Every structure is written in C-alpha cells, then in structure tokens.
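Trainee: Please take me through this model feature by feature. I would like the general idea each time, and then the case at hand.

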Amino acid sequence: MSTPTPAQAIPERNGHGDALARTVSNSFSNSSFGTQELGSSPQASFQSLASSHGTHQRPSTKQLKPFHTGDIKVLLLENVNKTGQDILRKQGYQVEAIKSSLPEDQLIEKIRDVQVIGIRSKTQLTASVLKHAKNLIVIGCFCIGTNQVDLKYAAENGICVFNSPFSNSRSVAELMIGEIIALARQFGDRNTELHNGIWNKVSAGCWEVRGKTLGIVGYGHVGSQLSVLAEAMGMKVIYYDVTNLMGLGLSNQVPTLDHLLQLADFVTLHVPEIPETTNMMSTHQFEQMKKGSYLINASRGSVVDIPALIHASQTGKLAGAALDVYPNEPGGNGAHFTNDLNTWTQDLRDLKNIILTPHIGGSTEEAQSAIGVEVAESLVKYVNFGITSAAVNMPEVTLRSLTMEEPNHVRVVYIHKNVPGVLRKVNEILGDHNVDKQMTDSRGDVAYLMADISNVNTSEIRELWQSLEDLGSRIRTRVLY
Ligand SMILES: NC(=O)c1ccc[n+]([C@@H]2O[C@H](COP(=O)([O-])OP(=O)(O)OC[C@H]3O[C@@H](n4cnc5c(N)ncnc54)[C@H](O)[C@@H]3O)[C@@H](O)[C@H]2O)c1
Ligand SMILES: O=C(O)CC[C@@H](O)C(=O)O
C-alpha cells in the first residue's frame, strides 16, 4: 500500500472522532499540527520541511491531527508584507492585518485575544503590555531590530520571539550609499531650493566621495555590506566594533570610536539599541569628528544625542547629516513630525544639508517580501511544530518530523524554569509512554524541552498535559498531536 499523502491522511485521522477538542484553547494551550504547509505550495513546502532535516527517502512526514487552525488568531500591525499575511492565512489562521501601529490602550485590548502577533519597529511590546497577552504564544518581529520587545519578560512567560536578522541589510546599505553621495553634493538642499523655484548652482563645499574615508560604527550585517559597496566607489573604509572582526576587502578595524571619528569624513552608525549605545554619539564624540565631516544614523534613534548633533551642525563642525531613525517616531503614515514628538524637531528640520527620512532603511519591495516569508514561516513552524530555530529569546530546539509510520505519537513542548531536577520529574510523567526522541536546551532562566512520545491514546492527552502543568517549574505546556 502506498504511503498516504498528507492531504489524504488528515481526513482519515479526523474520522476517528477523538474525544478531545482539537483546539488551541487558552487554558489548555494544547495544539496540534496544522492542516497545511508553509509557503505558497503546500506540497512543495511539505517536502522542503521534511528534507530540511537532512534525510533521504524517509517515510512521508506525518501531518499530525489538525487543530482547528481557525482558532489561531493573528494580529499583524505596521503593514506587514502580503507575503507574510498570505502564509499565515493559508494555514487557516484568523489574520487581522492593520497598516499602522496602535496606541497602547488599543494594543492591550487586541493583544488579550491573540495567540500570535506580528509587528515591525514601532510597536512597543513592553512587560506592561505583554502582561495582558494571556493567550500569546509567539511574537514575530517583521524586521531586524527586537529592541521594541521585552525579550526577557516574553521568554519568562513562555512567549517565543522571532525576527528576520538580515533580509533588509542590503537595502539599508544601498540607502547609505545614496545618502553619502547626496550629502557630499548637498543634493537635498539643491533639490528643495529648485522645488521652491530657486536656481542655486554651487560647487563650494561639494565633493566627490572617491578617496574619502568612511567610518562604519558596528560592522555587522548592514555595516559589512556597506563596506563592500563603499570600496567599490573608491572610498577608504575603516570600522569600529566591540567584536574583533575580519574586514572585507581593504577595510580596517580601528581600536576605538574616537580613532574612527578622528579619521573619517563620513561616519555611519549600525549598532543595536542597547544601554551601551544610548547617546553613543554625543557632545564629546562630535568634538572628535573632523571639521566638515558628515554623520548618518540608520540604526536606532536613541544612538544619537540629537541636540548635540544640532549644535555640531549649527557650529559648522558637521557639513551635513542624514537621519532615518528618531527617539520618538510617528505611529503611521500621514502623521506629523513635529515638536509634539521630540522637542527639538523643528530645529532639526531647519538645519542645512540634513536628510530626514521616515525610517525607510529596510523599506524596499525585496526586503519586505523576504522578511514577510521568513518571519511568517518561523511563526508557523513554532505554532504547528514547536520548533524554535532562530528564536531570539529562547533556546533553539528542533526535532525531526514525525512520519506517517508513527500514528499514535504526541509531541510535548514544555517551557520551564531552568532549575535543577525538572527533567527527572518530566521524564517520570513522560515515562509512562515510550520517549522516541527528546531535546532540551536552556537560555538564561528559561529552558525548552521537546519530546516525541509514542503509544498515546487521545484520551490520555489531557491528563498528560495536566500533569506537566502541575509541576512547579512550568512556564507553558503545549501538546501537539
Ligand atoms: N533604518 C532601518 O530601517 C534599519 C534596517 C535594518 C536594521 N536597522 C538597525 O541597524 C542596526 C544594525 O543592524 P545589523 O543588522 O547590522 O545588526 P548586527 O547585529 O548584524 O550588527 C551590529 C554590530 O554592532 C556591533 N556592536 C554592538 N554594540 C556595539 C558598540 N557598543 N560599539 C560598536 N559596535 C557595537 C556588534 O558587534 C555587531 O557587529 C540595528 O539596530 C537595526 O535595528 C535599521
Ligand atoms: O521596518 C521596520 O519598521 C524596521 C526596519 C529596521 O529598523 C529593522 O529593525 O529591521
């Protein structure tokens, strides 16, 4: 007899009329595998998921009993790309997509209800918001930065967080190249003048970038891409990073930020938002910069002390600056960028040779489409399979898929406090069954255990779940079957 396809297998198993409701209820936190696969082609994705475990000619991956995927509620904020929305909708999840971020009170109201939330850089998922998210199991940051989420609180409450670590890096690097040239040629000011009817043909203070020194602060995904592009334009590249990193091409690492500031004609910032980078560029740092140099910030608004930047521009220390990010950013398109947001906004807008963009470093069709796919697939793998690969706040745990030859298996996901003795107690509970495979790992105070156990009757699942829930170490139990 040939192995049934996943599509055949699902109705067959549904036909058993299980006593247990196949839902992902809040209290039960008990879900099972989805009815559909990742990506646009169910069959193709099904195969790719199976083959991603590095096997050849293995029995078909088992599409386990479907929970009511319609019970999974997903809230997507900040105009998450359609690629991501489509993947989630194809799972049968209930997806509500909103183009902007939400004011905190509305966010709290909505987040109570959902199992999955997708955001970009604007939505702040602080502990005080997340404490209302009683049903939430996973957060997708459809961007690189995860500074907007209280990652520790999320982990300690069994909420896994995913992002897209480099799908928009190239887009940011290309914008930096555009801005370097635009600043060197005072392009923004000439453009504005002519839009206002004023012809102002000047060469004073306008430069080629060939032969100039670019100082990159933070030589990660964005910084290193930029390094390659800048060298191709004939720039000399130096970089500063807290980590010792091999430079690409002819670029060189310098030992301190001050060294970089003293040498660079253009300084670009690509560091994460962390306490160490708050106001990393302030009065002292601007003093270190060469007279007539330029600053570009496309990292996070908190990295630059803006009043100090305004002063450095007004005194002529800086010949120009480009900012893509701000300490307080408007909630959505059409909102106004005024002193109501940041007290210095008008002073900033009045500066000469300053390019202000609305956090668009990663806003290209290519980047947003790739991010949509990457993060949505991570969410589906987590919801349906418990897989945490590439999570930013949880240990990375995965098990190879169950196959069609393993009909009475159950996957147990047990997120727990990382304290001694837990595994012994969990395995006492699981030990009534055959533990086929198990993986456990910890990250800080939180540990994640995933086990596939066999010979489980559907009627035993609730008891199994309850026994794990009753352990003092429990953060969250999910039983996928
Ligand atoms: N404007 C946008 O639309 C946009 C788009 C993408 C990324 N970003 C932001 O850009 C930043 C960088 O992104 P990335 O993908 O290159 O990150 P990354 O993690 O790949 O690289 C960051 C680098 O900064 C270094 N670093 C950390 N602390 C430092 C410090 N105190 N001093 C010097 N170096 C330090 C790290 O070692 C790392 O090499 C992030 O904050 C991200 O959120 C903004
Ligand atoms: O798209 C966004 O809102 C964020 C872009 C960027 O800052 C990121 O962190 O990836």
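Mentor: What follows covers two ligand sites, the aromatic pairs and some backbone details.

Mentor: This is a predicted model, in which local features need pLDDT of at least 70, side-chain atom pairs count only at pLDDT 80 or more, and totals for chains, interfaces and linings use all residues. Residues are numbered from 1 along each chain as its sequence is written, chains are lettered from A and ligands numbered from 1 in the order in which they are written, and side-chain values use heavy atoms, with hydrogens and water left out.

Trainee: How many residues surround ligand 1, and which are the closest?

Mentor: A residue is near a molecule if one of its heavy atoms lies within 4 Å of it. For ligand 1 that gives 27 residues, and the closest are His221, Val222, Asp241, Val271 and Asp324. This shell divides into 12 nonpolar, 12 polar and 3 charged residues. In this scheme Ala, Val, Leu, Ile, Met, Phe, Trp, Tyr, Cys and Pro count as nonpolar, Asp, Glu, Lys and Arg as charged, and the others, Gly among them, as polar.

Trainee: Which atom of Val222 lies 2.9 Å from an oxygen atom of ligand 1?

Mentor: A polar contact is a pair of N or O atoms within 3.5 Å; within protein, one must be able to donate a hydrogen and the other to accept it, and residues adjacent in sequence count only if both atoms are side-chain atoms. In the case of Val222 the partner is a backbone N or O atom, 2.9 Å from the ligand 1 oxygen. A polar backbone atom of Ala298 is 3.0 Å from a nitrogen atom of ligand 1. Asp324 uses its side chain: an N or O atom there is 2.9 Å from a nitrogen atom of ligand 1. Taken alone, ligand 1 exposes 860 Å², and the protein buries 86% of that. Such areas come from the Shrake-Rupley method with a 1.4 Å probe; for residues, only the protein chains shown count as cover.

Trainee: Which residues are around ligand 2?

Mentor: They are Arg120, Ser121, Cys143, Ile144, Gly145, Asn168, Arg300 and His359. By class, the shell has 2 nonpolar, 4 polar and 2 charged residues. Gly145 places a backbone N or O atom 2.7 Å from an oxygen atom of ligand 2. Side-chain N or O atoms also approach ligand 2 oxygen atoms, at 2.7 Å for Arg300 and at 2.6 Å for His359. Ligand 2 taken alone exposes 290 Å², of which the protein buries 90%.

Trainee: How many aromatic pairs does a search of the whole structure find?

Mentor: A pair of aromatic rings is described by the distance of the centres and the angle of the planes. Rings of Phe, Tyr and Trp (its six-membered ring) pair if their centres lie within 6.5 Å; planes under 30 degrees apart count as stacked, over 60 as edge-to-face and the rest as tilted. The search finds 5 pairs. One of them, Tyr219 with Tyr239, is stacked, at 3.7 Å centre to centre and 15° between the planes. Tyr219 lies in the loop between strand S6 (213-217) and helix H9 (221-232) and Tyr239 in strand S7 (residues 236-240), so the pair ties together parts 20 residues apart in sequence. Helices (H or I, at least four residues) and strands (E, at least two) are DSSP runs, numbered from the N terminus.

Trainee: Is Tyr219 buried or exposed?

Mentor: Buried means under 20% relative accessible area, exposed over 50%, and partly exposed in between (1.4 Å probe, protein chains only). Tyr219 is buried at 5%, and Tyr239 is buried at 1%. Tyr382 and Tyr448 form a tilted pair, 6.5 Å centre to centre with 45° between the planes. Tyr382 lies in helix H14 (residues 365-385) and Tyr448 in strand S15 (residues 446-454), so this pair ties together parts 66 residues apart in sequence. Both are buried, and Phe162 joins Tyr382 and Tyr448 in one aromatic cluster.

Trainee: What is the phi of Glu78?

Mentor: Most residues other than glycine have a negative phi. Glu78 has a positive phi, near 65°, and lies in the loop between strand S1 (73-76) and helix H3 (82-90). Asn79, in the loop between S1 and H3, also has a positive phi, near 60°. Glu78 is buried at 9% relative accessibility, whereas Asn79 is partly exposed at 38%.
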